[in-house]
Amino acid sequence: MSTYVLVAGNAGVSELVAAAAKLDGPVVAVVVGADEVVRAVAAPGVDKIVWLGDPGDRAVEAFAADVAKVVAADPGVVFAGRKPAERALLGAVAAAISAPVVTMPVEIAAGQVTRAIAGGIASETRSYAGPVAIVSDGGAPLTGGGSTSVEQAAASPAEVTVTDLRPNEVAAADLGTADRVVSVGRGLKAKEDLAIIEALATAFKAELGCSRPVAEGLDWVARDRYVGISGQQISPQVYLAVGISGQLQHMSGCRGAQLIVSINTDKDAPIVAESDYILTGDLYTLVPALTAALG
Amino acid sequence: MRIVVAYKYAPDPQEATVASDGTLDFSRAKAIVSDYDAVAIEYGRQLADAQGAALVGVSVGGEAAAKPVATKAALARGLDEVVVVSDPELDGAGSTRTAQAIAAVVKELGDVELVLAGDSSMDVGARMVPSVLAGLLGWPMLSDVEKVTLADGSVSVERLVSEGVQSITAAAPAVVSLTSEAVKTKAPGMKDLLAAGKKPVAVKSLADSGLVAVSEGTVTARAKLDGPARKGVVIDTSDPAAAAAELVNALRAAGVLG
């Protein structure tokens with residue numbers, strides 16, 4: 001029985017290959033992508049590549065049924081990353097082989113997976129008689145160098161055509177690789193006051209993040225900067241939470257931080273119990289003081 | 001023509017508590033139509049009106065999902081009718097089992113041009129039901145969509161991808177999951193709630209749906225997950241400048257200042 005890693009147009013699957021290699025059987029990468037993606041995925045740990053071709057102007061999603069067919073011929077555990085196209089391919093596979101889907105895995109062994117539930121406050125271990133479809137962080141791109149065999153497989157992609165791409169006007173935020181993140185929540189009273197948070201982020205050489213209501217409801221901060229269960233999940237060296245109470249959904253996005261610092265008016269806010277350094281007080285005096293101390 | 005909105009009636013996770021053995025307690029959490037699914041219903045309403053299509057809500061869950069308070073809450077947001085697959089075995093069902101039940105309803109309804117879904121459920125947030133559903137139906141899956149246009153047997157969307165806004169055209173029917181901000185929602189008014197009481201509701205059991213649901217494994221252990229141990233140092237803030245200096249010193253000592 002093979003273990004599969006789905007590759008949806010980019011080679012950022014190193015974590016998945018590492019997890020797949022711990023299970024029995026060969027690791028097979030099922031690739032929808034250009035030549036260079038195939039060359040990158042031909043890396044140590046990947047025993048075989050089944051290449052369904054370069055999507056060209058089709059969306060990777062067009063190949064979902066083709067990917068499912070490859071896995072269904074010899075069903076096994078399947079891994080895919082968290083990105084949209086990766087999820088679409090994994091969903092088609094889960095449908096085709098009737099496999100349960102597991103998200104947020106913590107520990108994966110043959111026939112058994114432990115996953116985090118409820119935003120990471122609890123875990124649950126289940127045993128499985130058949131294959132499971134696992135969604136997890138893809139990790140860094142593979143860079144080739146393996147003795148991997150490549151088999152080209154015929155595909156009959158669906159009519160899903162990319163007709164246009166309007167690039168972002170501002171570069172997408174990359175909170176995931178930032179060492180320091182200053183994140184702001186509902187404790188901020190007005191959009192204009194973001195200036196003091198931005199000044200702190202600059203002095204701290206940090207990226208700006210926020211809690212969900214600040215991005216989605218108030219629209220004060222770009223949506224790709226929102227930290228939480230359905231937003232960014234980050235593990236910086238320092239996470240400085242300003243005016244954030246620390247509800248479950250938010251904490252599941254930042255719990256991996258090495259150090260958490262909280263500035264909050266409420267000494268009983270949930271974030272206090274999850275902080276390394278706690279500053280209880282008004283952010284409007286503490287933030288400028290901290291910016292000055294860093295400057 | 002029908003447009004289907006897949007929605008979840010779920011307990012608000014803000015109210016969930018976890019016992020020391022890792023068991024989750026949702027008993028004090030109030031159930032509502034999951035936040036982002038309300039976005040899908042509102043978007044579906046506008047699309048259905050423009051197309052002259054019927055808007056059908058499909059939901060899957062335990063007994064609570066079929067109660068009048070649940071179906072009315074969804075209907076009041078603008079659905080024409082709802083079909084609920086309700087079974088104790090579907091309480092807390094995973095993505096594959098849920099998608100299988102939705103797919104059975106969609107196939108039985110027929111004449112469905114589009115299935116809309118929200119960005120994620122508020123209680124689990126796996127974001128996988130639409131993808132599995134698309135796989136089961138053999139339809140294209142398009143996620144993170146901000147705008148949908150239906151015309152001449154095709155579905156055109158604008159979706160947010162990491163590089164920017166991508167336009168895609170696919171052959172209909174398709175499964176589309178929307179961003180959380182595809183449209184603004186508003187709370188239903190009294191008139192909407194009264195009208196909701198008169199709209200058709202069909203409730204099916206797992207047996208009615210003719211479904212042999214996927215096995216979701218056997219729970220062998222639960223635990224409370226403690227995050228990394230935290231220092232819990234309270235810095236005295238009576239003098240803000242001194243507090244700031246103390247924090248900066250601590251961060252410098254930890255070697256995390258850039």
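## Briefing: chain A and a sheet shared with chain B

Chain A exposes about 11,500 Å² of surface, with carbon and sulfur atoms supplying 50% of it. Keep in mind that this is a predicted model. Here's a quick tour: chain A as a whole, then its parallel sheet, a hairpin, a buried threonine, and finally a sheet that takes in strands from chains A and B.

**Chain A overall**

- Chain A has eight helices and 16 strands.
- Its C-alpha trace spans about 65 × 45 × 35 Å along the principal axes.
- Out of 295 residues in chain A, 57% count as buried.
- Take the contacts in chain A with a separation of 6 or more: 61% of them come from residues 24 or more positions apart.
- On the charge side, chain A carries 21 positive and 32 negative charges, and the mean positions of the two sets are 3 Å apart.

**The seven-stranded sheet of chain A**

- Seven strands of chain A make an open sheet with parallel pairing, in the order β5-β9-β4-β1-β2-β3-β10.
- At the edges sit β5 (101–103) and β10 (149–152) of chain A, each pairing on one side only.
- Going from one strand to the next, the twist averages 25 degrees.
- The β10(A) edge is held by strand β3 (residues 48–51) of chain A: the two run parallel and are joined by four bridges. Within that pairing, V50(A) stands opposite E151(A).
- Helix α4 (residues 84–97) of chain A lies across five strands of chain A, namely β1 (3–8), β2 (27–32), β4 (78–80), β5 and β9 (133–135). Relative to β1(A), the helix α4(A) runs at about 140 degrees.

**A hairpin in chain A**

- Strands β6 (residues 105–109) and β7 (residues 112–117) of chain A pair up antiparallel, over four bridges.
- In this pairing, P105(A) stands opposite R115(A) of β7(A).
- Two residues separate β6(A) and β7(A), which form a hairpin, and G111(A) in the turn has a positive phi of about 70 degrees.

**T291(A) in helix α8**

- Look for T291(A) in helix α8 (residues 283–294) of chain A.
- T291(A) has 16% relative accessibility, so it counts as buried; the cut-off for buried is under 20%.
- Leaving out residues up to four places away in sequence, T291(A) touches I196(A), A199(A), L200(A) and A203(A).

**The sheet across chains A and B**

- This one is an open sheet of 10 strands with mixed pairing, ordered β11(A)-β11(B)-β10(B)-β9(B)-β12(B)-β8(B)-β1(B)-β6(B)-β7(B)-β13(B).
- Why do β11 (160–167) of chain A and β13 (201–204) of chain B each have one side without a neighbour in the sheet? Both stand at the edges with a single partner strand, so one side of each stays without a neighbour.
- Neighbouring strands here are turned by 25 degrees against each other on average, ignoring direction.
- The link between the chains is antiparallel: seven bridges join β11(A) to strand β11 (residues 164–171) of chain B. As one of the partners there, D164(A) bridges to S167(B).
- Helix α2 (residues 68–75) of chain B packs on the sheet and touches β1 (2–7), β7 (81–86) and β13 of chain B. The direction of α2(B) makes about 140 degrees with that of β7(B).

Definitions and conventions:
Residues are numbered from 1 along each chain as its sequence is written. Chains are lettered from A and ligands numbered from 1 in the order in which they are written. This is a predicted model: local features need pLDDT of at least 70, side-chain atom pairs count only at pLDDT 80 or more; totals for chains, interfaces and linings use all residues. Side-chain values use heavy atoms; hydrogens and water are left out. Two strands pair if DSSP finds at least two bridges between them. Axes are lines fitted to C-alpha atoms, for helices over the stretch in contact, and angles run from 0 to 180 degrees between N-to-C directions. Contact means heavy atoms within 4.5 Å. Buried means under 20% relative accessible area, exposed over 50%, partly exposed in between (1.4 Å probe, protein chains only). Accessible areas come from the Shrake-Rupley method with a 1.4 Å probe; for residues, only the protein chains shown count as cover. Lys and Arg count as positive and Asp and Glu as negative; His and the chain ends are not counted. The place of a charge is taken as NZ of Lys, CZ of Arg, CG of Asp or CD of Glu.
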